[in-house]
Amino acid sequence: MEAKALAYASDASNEERIRELRREGMLPAAELVALLATITPVEAPLLYAEAREVREQAYGKDVYLRGLIEFSSYCRNDCLYCGLRRSNAHAERYRLSEERILSCCEKGYELGFRTFVLQSGEDLSYTDDDICDLVSKIRAAHPDCAVTLSIGEKPRESYERYFEAGAERYLLRQETSNPWHYGKLHPAELSLANRKRCLDDLKDIGYQVGCGIMVGSPCQTWDFVVEDLLYMKAFRPHMVGIGPFIPHKDTPFAHEPAGTLEDTLHLLSVIRLMLPDVLLPATTALGTIHPQGREMGLLAGANVVMPNLSPSDVRGKYLLYDGKICTGDEAAECRACMARRCASVGYQVRVSRGDHVSRRAEGAPAVR
Ligand code: SAH
């Protein structure tokens, strides 16, 4: 990946950069670019170890579970990277009824999930009333659970209504913090300015907010990634979702290379060191590019996993990228498989809501 700011970096070693990043939680932009662009397989274990230590100081060996329910594959948007884009005529579309979504939550609850992430394309057939109804029914059925929405860009008033209905968390990746790069990944009608407006509104309303990027997306440079890191440091999200870009055969990016395992792991660690108590998922995309990708993500500083709770008959239709794993599994299998994977690297999944730790300082209950 290109890295223009490399020209402005000091002659410090990567070991020195890693130690300073651990100590200060920050590095000058050119040093971050230099670290990410030049770190070698010999230097990376130190970065992972520092990130792991910081993660264990904040969260011990616990891994939080989020149950992902992909409730609609319809989308009005045309993002160039995404298999659900509206101009993909080959995509199989489905939407789940409220009843089916509630039964996914029911099953998830029995399996020990205490957070449900409702994700979809931007499907306007669900009105704000529908979303509010759904959220309040889930909260009523499971008062000890958190509901996370991941349904894209909405007006502030809609976000306010969902929050009042009981949604406390929202995931919306910025995808890139550079306006030129944003334009390369998205159709002209979408803008980084509106994406950031959404993120600011969500934070302001009181949501626990997750932002994030794809690693190795087309036209990405290390300079842009560092712009993302600076954005995240200033925005202070509760969660950061990052995973490798993986091409989808029916998109304009079909022939672009995927992001790499190593770049994703390095970035997970750098984010952990910059935002010590952030919730950091080891994503499905990371598990897709390498069979042990998620385990390696945990060992690089991640502390959340999001097993799929979607009904197995629709899983194969929510295809953001090619080769997505676990499309044939049942929720219970995913839950058990995740517990085994975490245990294999010395971590344990926790049955709890898994709130962001700094909330304790704000007087929120310590229940995680
Ligand atoms: N419509 C919702 C959910 C989008 S899917 C929203 O707008 O937030 C969730 C995330 O999947 C996206 O934010 C994007 O970062 C990621 N994603 C989409 N296509 C991808 C691809 N080809 N490879 C890897 N990640 C992808």
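Trainee: What makes a nitrogen atom of the ligand and a polar backbone atom of Ser120 a polar contact?

Mentor: The two atoms are 2.9 Å apart, and a polar contact is a pair of N or O atoms within 3.5 Å (within protein, one must be able to donate a hydrogen and the other to accept it, and residues adjacent in sequence count only if both atoms are side-chain atoms), so the pair qualifies. This is a predicted model, in which local features need pLDDT of at least 70 and side-chain atom pairs pLDDT 80 or more, while totals for chains, interfaces and linings use all residues. Residues are numbered from 1 along each chain as its sequence is written, and side-chain values use heavy atoms, with hydrogens and water left out.

Trainee: Which backbone atoms of Tyr81 and Leu320 lie by a ligand nitrogen, and at what distances?

Mentor: For Tyr81 a backbone N or O atom lies 2.9 Å from a nitrogen atom of the ligand, and for Leu320 the corresponding distance is 3.4 Å. Taken alone, the ligand exposes 560 Å², of which the protein buries 92% (Shrake-Rupley method, 1.4 Å probe).

Trainee: How are the residues of the shell around the ligand divided?

Mentor: The shell holds nine nonpolar, five polar and two charged residues. Of the 16 residues around the ligand, those that come nearest include Arg173 and Glu175, where being near means having a heavy atom within 4 Å.

Trainee: Why is Glu175 called buried?

Mentor: Its relative accessibility is 9%, and buried means under 20% relative accessible area, exposed over 50% and partly exposed in between (1.4 Å probe, protein chains only), so Glu175 counts as buried. Glu175 is placed in the loop between β5 (169-171) and α7 (179-185), and its phi is near 70°, a positive value in a residue other than glycine. Most residues other than glycine have a negative phi.

Trainee: What makes Cys326 partly exposed?

Mentor: At 24% relative accessibility, Cys326 falls in the middle class and therefore counts as partly exposed. Cys326 also has a positive phi, near 65°, and its place is in the loop between α13 (312-315) and α14 (331-344).

Trainee: How do you know whether Ser72 and Pro291 are buried or exposed?

Mentor: Ser72 has 0% relative accessibility and so counts as buried, whereas Pro291, with a relative accessible area of 55%, is exposed. Ser72 is found in strand β2 (residues 67-72), and its side chain makes a polar contact of 2.6 Å with the side chain of Asp123.

Note on methods: Ala, Val, Leu, Ile, Met, Phe, Trp, Tyr, Cys and Pro count as nonpolar, Asp, Glu, Lys and Arg as charged, and the others, Gly among them, as polar. Helices (H or I, at least four residues) and strands (E, at least two) are DSSP runs, numbered from the N terminus.
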